[in-house]
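Thanks for making time, everyone. I have one protein chain to walk through today. Please bring it up on your screens.

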Amino acid sequence: MPFVQPEYQLSRADVDFFVANGYLGPYAAVTPAEMMGIRAKIEATVFKTDGPNPRRPMQSRHMDQPVVYDLVTHPAIIDRIACLFGPDIVIWTTNFWLKNPGGAEIPWHQDINFWPLEPPVNISAWIAIDEVTTENACLQIIPGSHRELLPHTRAPAEMAIHEMVAPTAYDADQAVNIELKPGEFFLFSERLLHRSSKNTSDKRRLGLSIRVTLPVVHIFQNTAHLHPGHTAILAKGKDVMGFNRYAGRPPST
Ligand SMILES: O=C(O)CCC(=O)C(=O)O
């Protein structure tokens, strides 16, 4: 593929694995040492300021923090997604996932149940800012579960999101734990069943999800999910459709 850097090129077997299983990876975007520096900047900026969405301070910080913009547009991530989605790549939102010790369970769900996209097409990259292990509540996924859309019901109040897939709808014995070193990420479909348990360790777990779609997809603003002033990133290629609103790298403060 002439539009990706050779070192990030996925093989046909990788593409087939993603299609069959709904996820792929892990891969490294940056080294653990590089992530130490990035993490320090995130802690000094994202954690200390309000973001663009007053209701969701951890959402879409690519809009106001250059350190986040640079990380989410890294070619190690975007070029691999381009091997699955083609040359025109849109990052429609980003979200930090902070799970402090004692942080609540996120129950089994399929992301597309919650999202303002039409048509519903997305690949997520989930990148580890801290080291992410089974102990501090890494993501768990069920390979192949993206092939069926499952109904969601109300989740118990103590959980971190309000809807979940009923336990009778999947086989939790098939779950795979995705442990990641700082700077590693994995890719998954908008329909892949995933969860994370309560963080019963004494270690914080911070990750960042990068949500990627195509120019043909409408990103609805002004919903429960996105703030009206929201802007996406045209991370690669071009958009000849003109449905969505983009912004570039935010200025350094
Ligand atoms: O980080 C977590 O625990 C959950 C993340 C998640 O559900 C997602 O990125 O879609």
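How many positive and how many negative side chains does the protein chain have, and how far apart do the centres of the two sets lie? There are 23 positive and 26 negative side chains. The two centres lie 4 Å apart. Keep in mind that this is a predicted model.

Now the overall build. The chain has four helices and 14 strands. There are 253 residues, and 52% of them count as buried. The C-alpha trace spans about 45 × 40 × 40 Å along its principal axes. The radius of gyration is 17 Å. A compact globule with 253 residues would be near 18 Å, so the value agrees with that expectation.

Next, contacts and surface. Take the contacts with a separation of 6 or more. Residues 24 or more positions apart account for 83% of them. The exposed area is about 11300 Å². Carbon and sulfur atoms supply 56% of that area.

On to the interior. Which residues have the most contacts inside the largest nonpolar core? They are Ile-77, Ile-81, Ile-127, Leu-208 and Ile-210. That core has 49 residues. Helix H4, residues 75-85, gives the most to it, with seven residues. Apart from this core lies another one, of 12 residues. Tyr-23, Cys-138, Ile-141 and Ile-178 are among its members.

Look at Ile-127 for a moment. Leave out residues up to four places away in sequence. Ile-127 then touches Ala-29, Met-35, Leu-71, Ile-77, Gly-183, Glu-184, Phe-185, Gly-207, Leu-208 and Ile-210. Three of the names from the core list turn up again there: Ile-77, Leu-208 and Ile-210.

Back to H4. Why do we call this helix largely enclosed by the rest of the structure? Because nine of its 11 residues are buried. Here is the list: Ala-76, Ile-77, Ile-78, Asp-79, Arg-80, Ile-81, Ala-82, Cys-83 and Phe-85. Note that Asp-79 and Arg-80 are on it. Just after H4, Gly-86 takes a positive phi of about 95°.

Now the backbone, starting with cis peptides. One joins Gly-25 and Pro-26, with omega about 5°. Pro-26 sits in strand S1, residues 23-28. Another runs from Glu-118 to Pro-119, with omega near -5°. Where is Pro-119? Pro-119 is in the loop between strand S4, 117-118, and strand S5, 123-128.

Then positive phi outside glycine. Ser-60 has phi near 55°. Its place is the loop between helix H2, 32-45, and helix H3, 66-72. Is Ser-60 buried or exposed? Ser-60 is buried, because its relative accessible area is 1% and the cut-off for buried is under 20%.

Ala-137 also has a positive phi, about 75°, although it is not a glycine. Ala-137 lies in the loop between S5 and strand S6, 139-141. At 1% relative accessibility, Ala-137 counts as buried.

Two more residues, then I am done. First, Val-67, in helix H3. Val-67 is buried, at 14% relative accessible area. Which residues does Val-67 contact, leaving aside neighbours within four places in sequence? Ile-38, Lys-41, Ile-42 and Thr-45. Compare the sequence and space separations for Val-67 and Phe-85. They are 18 residues apart in sequence and 25 Å apart in space, C-alpha to C-alpha. Phe-85, remember, is one of the buried residues of H4.

Second, His-230. His-230 lies in the loop between strand S13, 218-219, and strand S14, 233-236. His-230 is buried, with a relative accessible area of 2%. What does His-230 touch, not counting residues up to four places away in sequence? Ser-60, His-62, Met-63, Trp-92, Thr-93, Gln-221 and Arg-245. So we meet Ser-60 again, the buried residue with the positive phi. Glu-135 is another story. His-230 and Glu-135 are 95 residues apart in sequence, and their C-alpha atoms are 35 Å apart in space.

That is the tour. Over to you.

Terms used. Residues are numbered from 1 along each chain as its sequence is written. This is a predicted model: local features need pLDDT of at least 70, side-chain atom pairs count only at pLDDT 80 or more; totals for chains, interfaces and linings use all residues. Side-chain values use heavy atoms; hydrogens and water are left out. Helices (H or I, at least four residues) and strands (E, at least two) are DSSP runs, numbered from the N terminus. The radius of gyration is taken over C-alpha atoms; the globule rule is 2.2 Å times the number of residues to the power 0.38. Buried means under 20% relative accessible area, exposed over 50%, partly exposed in between (1.4 Å probe, protein chains only). Contact means heavy atoms within 4.5 Å. Accessible areas come from the Shrake-Rupley method with a 1.4 Å probe; for residues, only the protein chains shown count as cover. Lys and Arg count as positive and Asp and Glu as negative; His and the chain ends are not counted. The place of a charge is taken as NZ of Lys, CZ of Arg, CG of Asp or CD of Glu. A nonpolar core is a set of buried Ala, Val, Leu, Ile, Met, Phe, Trp, Tyr and Cys residues joined through side-chain atoms within 4.5 Å.
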